[in-house]
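Visitor: I am new to this structure and would like to learn how to read it. Please take me through it one feature at a time.

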4 protein chains.
Amino acid sequence: MDHSESRPAGRPRDADADDRIIDAALAEYAAHGRAGYSLNGVARRAGVGKSSIYLRWRDKETLLVDAVHARADAPEVDTGTLEGDLLAVYSWLLQHFLTEAGWVAVRIAVDGAGEDATWAAPERVGAQHAMVLNQLWARATARGEIPGPDDSRVRIATRMMYGDLLLRAMVDRPQLAALDEAGRAEESRFVVAMLLRMLGR
Amino acid sequence: MDHSESRPAGRPRDADADDRIIDAALAEYAAHGRAGYSLNGVARRAGVGKSSIYLRWRDKETLLVDAVHARADAPEVDTGTLEGDLLAVYSWLLQHFLTEAGWVAVRIAVDGAGEDATWAAPERVGAQHAMVLNQLWARATARGEIPGPDDSRVRIATRMMYGDLLLRAMVDRPQLAALDEAGRAEESRFVVAMLLRMLGR
Amino acid sequence: MDHSESRPAGRPRDADADDRIIDAALAEYAAHGRAGYSLNGVARRAGVGKSSIYLRWRDKETLLVDAVHARADAPEVDTGTLEGDLLAVYSWLLQHFLTEAGWVAVRIAVDGAGEDATWAAPERVGAQHAMVLNQLWARATARGEIPGPDDSRVRIATRMMYGDLLLRAMVDRPQLAALDEAGRAEESRFVVAMLLRMLGR
Amino acid sequence: MDHSESRPAGRPRDADADDRIIDAALAEYAAHGRAGYSLNGVARRAGVGKSSIYLRWRDKETLLVDAVHARADAPEVDTGTLEGDLLAVYSWLLQHFLTEAGWVAVRIAVDGAGEDATWAAPERVGAQHAMVLNQLWARATARGEIPGPDDSRVRIATRMMYGDLLLRAMVDRPQLAALDEAGRAEESRFVVAMLLRMLGR
DNA sequence: AGCTAATCGAGACGGTACGTCGTGTCTTTTC
DNA sequence: GAAAAGACACGACGTACCGTCTCGATTAGCT
């Protein structure tokens, strides 16, 4: 018998297990913090043997990083103006950092930064956000709204925007969580206005 | 005879041990990262029994937070102008986050933020920085340079400045470390100029 | 397919480890005495992780008691006469208390006796010896050599015989160890003769 | 000025402290067993600093042995006949092993036996009992009741008597404690009668 | 009355063992 | 061959004691 696209021998991976493991990892991390995030706990919560986890991920850090990635969902943003794009990105990130996955991402990024850079370099974790922002600046450049994505001002403004979000997520979580959709929009407008002024527009 | 302020009974704590432990804690953390930061290791490096550490700190996290505090040394800043003060503070923090203690402080602040835990609230770790910044804005208000420290713009600018520093420390460490004194001053001037523009000055 | 008596799931215990741990426990106890008998030491000597020990025994005392049990080897004794049986049992115990396991058994029995603790009741440790002696008296009763195993004289004689052995093991160890097979037999004959006289035979 | 018997300089030892420490040591041992017998605990219970203990005893084992000695009180026994003497000694030891100090003595003797014989050789702990028994046999020899204290039969009978008591203390404590004065006398008479028969008298 | 000196309580010190827990790997049966 | 279950060697955790040490305070005899 001929299989043009033969599957590997043996029992196939249980695709559902991936999901259960990832959810369990995020939940354990969010519940008990870094110190309490244990692989034994993840396996128990996911109803899975440890071997099934180690078949898929090298170690518990790698799992966590991938879990964060898997649950990130950057929106497509293209409003036609710099102001609109910034507004959309800022307000999305604002609510994203309030989600479990978003917040875990920040923590592991910071924790991994400066490490021997083995497992969770911020580049990896923040890659999606960086991509969204890069595209934003590229469109703005094409529209002639900014000199270019590598302009000093632009780079600093990017960092300030993202840093502002980071600090809000770290320090102002409760207040932030209390805001409704409208409140977050209001905040976003204010910040974006300041960024634009800073960029001289 | 009356001792209004008598020392507690028993052998007094060895003040030198405090120093050795704190240094060892920071060194171990910096050397092996969070995962490799072990209290056994700290004790060994400090040449101290574990009991001497647990006599002073509740657990290894508490020790780390206190170690960071103990080695922070915010400078007195009062140049007479908002621009001068911002410049001084920004460039101090820029180099501070490159030091061992400064960097560890960021990591434990982020790791502790949002924890149900109380141990490493960013309020504690960043308290000194917050104080310096508050005084800066208070002086600027007194001089009439800004409307007041609770003005929305001021609060956002503060967060952006600090967030910018945080991100630099996280992502741009190598580049930052490569800068000399002059380079850092140049960077600081640029950022401060943008902040001032954002504040409408 | 039906397994009426299926093995428990997971990797089975390593039976060889049991042996290595038990031998190591007895060796450590014999080598360093009670104070120097440490579970860390046992694990090291056995080439085993501590968890493997705690998987099998509740604590280091329990391990010791079981180790002693596991290495006891009461002989089958049935010579057909009371005198012959007593001789066989006495001389066996005489040499048994010179072995590592035998001696450790005495110590933990005494140490455990009277403890509120339940761990090392002499009933447990001496159970095998008690059984051998009970059977001896039962046979003698059946042969009509003694009134019965619960006769006061018999009970006291039993205690005296065992107590004599205990004291020899405690106080006369060196002299005892110096005796050869023939010497021990001679000693045993003498003691048994006295016991029989005491029993009025 | 001349002091034929001068006291050492400095503050004299507090004689009362000796007593409190010894009592505390016995009480702690009896209460928590060997494992729970801690010098810190003794100091706490005696209301004494640890240094005061270490000024008097080398270590906690030495203290325990001395404590047992200090609380032993062998009676003067001389009834004029072998039977009377044996009766007196046996019944005294019977109740002695029920006391705290008596029982602790047995335990540390056994535990110390076979040890590198450093601290609690049974010779030390049982010395008083041995002396009483030696004198008993010496008087019996003088009266012509036995051939001599080194006769094999005598040595074995001694060991059997003492061993019988040891085992009673270890195994039959509850029953023993339930006996009143008369009951103990009855038991003693029975055992002594058997011993005498064994000795051929 | 002042000096010297040992003892007292308290408790910190460098260590070591405890029993628990989590790691990442290995070994077993079942699917 | 993947799955679950769980044993394995290892090592850190935070606690408890050890026997030593350093304090200030006390208590004597000797000047």
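Visitor: What rotation superposes chain D on chain C?

Guide: Copies are superposed by least squares on the C-alpha atoms of residues with pLDDT of at least 70 in both. Here a turn of 179°, with 0.0 Å of shift along its axis, lays chain D on chain C at an RMSD of 0.3 Å. The two copies are therefore related as by a two-fold rotation axis. In chain D, G163(D) has the C-alpha nearest that axis, 1.8 Å from it.

This is a predicted model, in which local features need pLDDT of at least 70 and side-chain atom pairs count only at pLDDT 80 or more, while totals for chains, interfaces and linings use all residues. Residues are numbered from 1 along each chain as its sequence is written, and chains are lettered from A and ligands numbered from 1 in the order in which they are written.

Visitor: How many residues does the contact take from chain D and from chain C?

Guide: Two residues are in contact if their C-beta atoms, placed from the backbone, lie within 7 Å. By that rule the contact takes 31 residues from chain D and 31 residues from chain C. Helices are DSSP runs of H or I with at least four residues, strands are runs of E with at least two, and both are numbered from the N terminus. On the side of chain D that touches chain C, the elements giving two or more residues are helix 1 (15–36), helix 6 (100–112), helix 9 (152–171) and helix 11 (181–198) of chain D. Helix 9 of chain D gives the most, with 13 residues.

Visitor: How do the residues on that side of chain D divide by class?

Guide: Ala, Val, Leu, Ile, Met, Phe, Trp, Tyr, Cys and Pro count as nonpolar, Asp, Glu, Lys and Arg as charged, and the others, Gly among them, as polar. The side of chain D that touches chain C has 16 nonpolar, 4 polar and 11 charged residues. Of the interface residues of chain D, 97% are also interface residues in chain C, so the copies meet through the same surface.

Visitor: What turn lays chain B on chain A?

Guide: The turn is 180°, with a shift of 0.0 Å along the axis and an RMSD of 0.3 Å. G163(B) comes closest to the rotation axis among the residues of chain B, its C-alpha lying at 1.9 Å. In this pair, 31 residues of chain B are in contact with 31 residues of chain A. Helix 9 of chain B supplies the largest share of the side of chain B that touches chain A, 13 residues.

Visitor: At what angle do helix 5 and helix 8 of chain C cross?

Guide: Two packed helices are described by the angle between their axes and the distance between the axes. Axes are lines fitted to C-alpha atoms, for helices over the stretch in contact, and angles run from 0 to 180 degrees between N-to-C directions. The axes of helix 5 (residues 82–96) and helix 8 (residues 127–142) of chain C come within 10 Å and cross at roughly 170°. That makes helix 5 of chain C roughly antiparallel (over 145 degrees) to helix 8 of chain C.

Visitor: How many residues surround DNA strand E?

Guide: A residue is near a strand if its C-beta atom, placed from the backbone, lies within 6 Å of it. There are 50 residues around DNA strand E, and the closest are G10(B), G49(B), R11(C), G10(D) and G49(D). By class, this surface has 14 nonpolar, 19 polar and 17 charged residues.

Notes. Angles under 35 degrees count as roughly parallel, over 145 as roughly antiparallel, 65 to 115 as roughly perpendicular and the rest as oblique.
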